[in-house]
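Work through the exercises below with the sequence and the model open. Each task is followed by a solution in steps.

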Amino acid sequence: MSDIVFLIALCALVTYLTRIGGHLVLSRFGAINHRVDAALNAVPVAVLTALVAPSVATQGLAEAVAIPVTALIGLRKSLVVSVSGGMICLLAFRASGF
């Protein structure tokens, strides 16, 4: 087994263990508080923002426009639709030369 395949398998295992670990820990509490539920629902958006925000400050106009477009779509649609819309906007701006 090559090192790359081993590394991919190890990353998949660690990802699976962290996901199942969170599920097991939360299942012990039964019903969770609505504030904890709201905080857990905000985690994907917070992580995505932490990943994207530096590119707004360091990259060009295309990224600066795609981020608000993604946020606006995200107000009405699901995360997958909003990220897809943002990616389409980003690709369109980059293809047009911005």
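**Exercise 1. Fold elements**

How many helices and how many strands are there in the protein chain?

Solution. The model is a predicted one. Step 1: the protein chain has four helices and zero strands. Step 2: read from the N terminus on, the elements follow the order α-α-α-α.

**Exercise 2. Overall dimensions**

Set the radius of gyration of the protein chain against that of a compact globule of 98 residues.

Solution. Step 1: for a compact globule of 98 residues, the radius of gyration would be near 13 Å. Step 2: the protein chain has 18 Å instead. Step 3: the C-alpha trace spans about 50 × 45 × 20 Å along its principal axes. Step 4: for burial, 9% of the 98 residues are buried. Step 5: among contacts with a separation of 6 or more, 42% are between residues 24 or more positions apart.

**Exercise 3. Cysteines**

Give the number of disulfides, then classify C11 and C89 by accessibility.

Solution. Step 1: the structure has zero disulfides. Step 2: C11 has a relative accessible area of 43%. This lies between the limits of 20% and 50%, so C11 is partly exposed. Step 3: C89 has 13%, which is under 20%, so C89 is buried.

**Exercise 4. The largest pocket**

Describe the largest pocket by volume, lining and residue class.

Solution. Step 1: the volume of the largest pocket is about 470 Å³. Step 2: 21 residues line the largest pocket, and those closest to its centre are L48, V52, I67, T70 and A71. Step 3: two or more lining residues come from each of α2 (34-58), α3 (61-76) and α4 (79-95). Step 4: α2 gives the largest share, seven residues. Step 5: sorted by class, the lining holds 12 nonpolar, seven polar and two charged residues.

**Exercise 5. Two positions in α4**

Is S82 buried or exposed, and which residues does S82 contact beyond its neighbours within four places in sequence? Then treat L79 likewise.

Solution. Step 1: S82 belongs to helix α4. Step 2: its relative accessibility is 3%, under the 20% limit, so S82 counts as buried. Step 3: with neighbours within four places in sequence left aside, S82 is in contact with T70, I73 and G74. Step 4: L79 is also found in helix α4. Step 5: at 41% relative accessibility, which lies between 20% and 50%, L79 counts as partly exposed. Step 6: under the rule that leaves aside neighbours within four places, L79 is in contact with P44 and L48. Step 7: L79 and V45 are 34 residues apart in sequence, with their C-alpha atoms 8.3 Å apart.

**Exercise 6. Sequence separation and distance**

What are the C-alpha to C-alpha distances of P68 to G86 and of A42 to L90?

Solution. Step 1: P68 is in helix α3 and, at 41% relative accessibility, is partly exposed. Step 2: P68 and G86 are 18 residues apart in sequence, and 8.4 Å separates them in space, C-alpha to C-alpha. Step 3: A42 is in helix α2 and is partly exposed, with a relative accessible area of 39%. Step 4: A42 and L90 are 48 residues apart in sequence and 24 Å apart in space, C-alpha to C-alpha.

Note on methods: Residues numbered from 1 in each chain as written. Predicted model: local features only at pLDDT ≥ 70, side-chain atom pairs only at ≥ 80, totals over all residues. Heavy atoms only, no water. Disulfide = S-S within 2.5 Å. Buried < 20%, exposed > 50% of the residue type's maximum accessible area, 1.4 Å probe, protein only. 1 Å grid on protein atoms, 1.4 Å probe; cavity = no way out; pocket = protein on both sides within 12 Å on 5 of 7 lines; lining within 4 Å. Points joined across faces, edges and corners; volume = space filled by probe spheres on them. Nonpolar A, V, L, I, M, F, W, Y, C, P; charged D, E, K, R; others polar. Rg over C-alpha atoms; globule rule 2.2 N^0.38 Å. Contact = heavy atoms within 4.5 Å.
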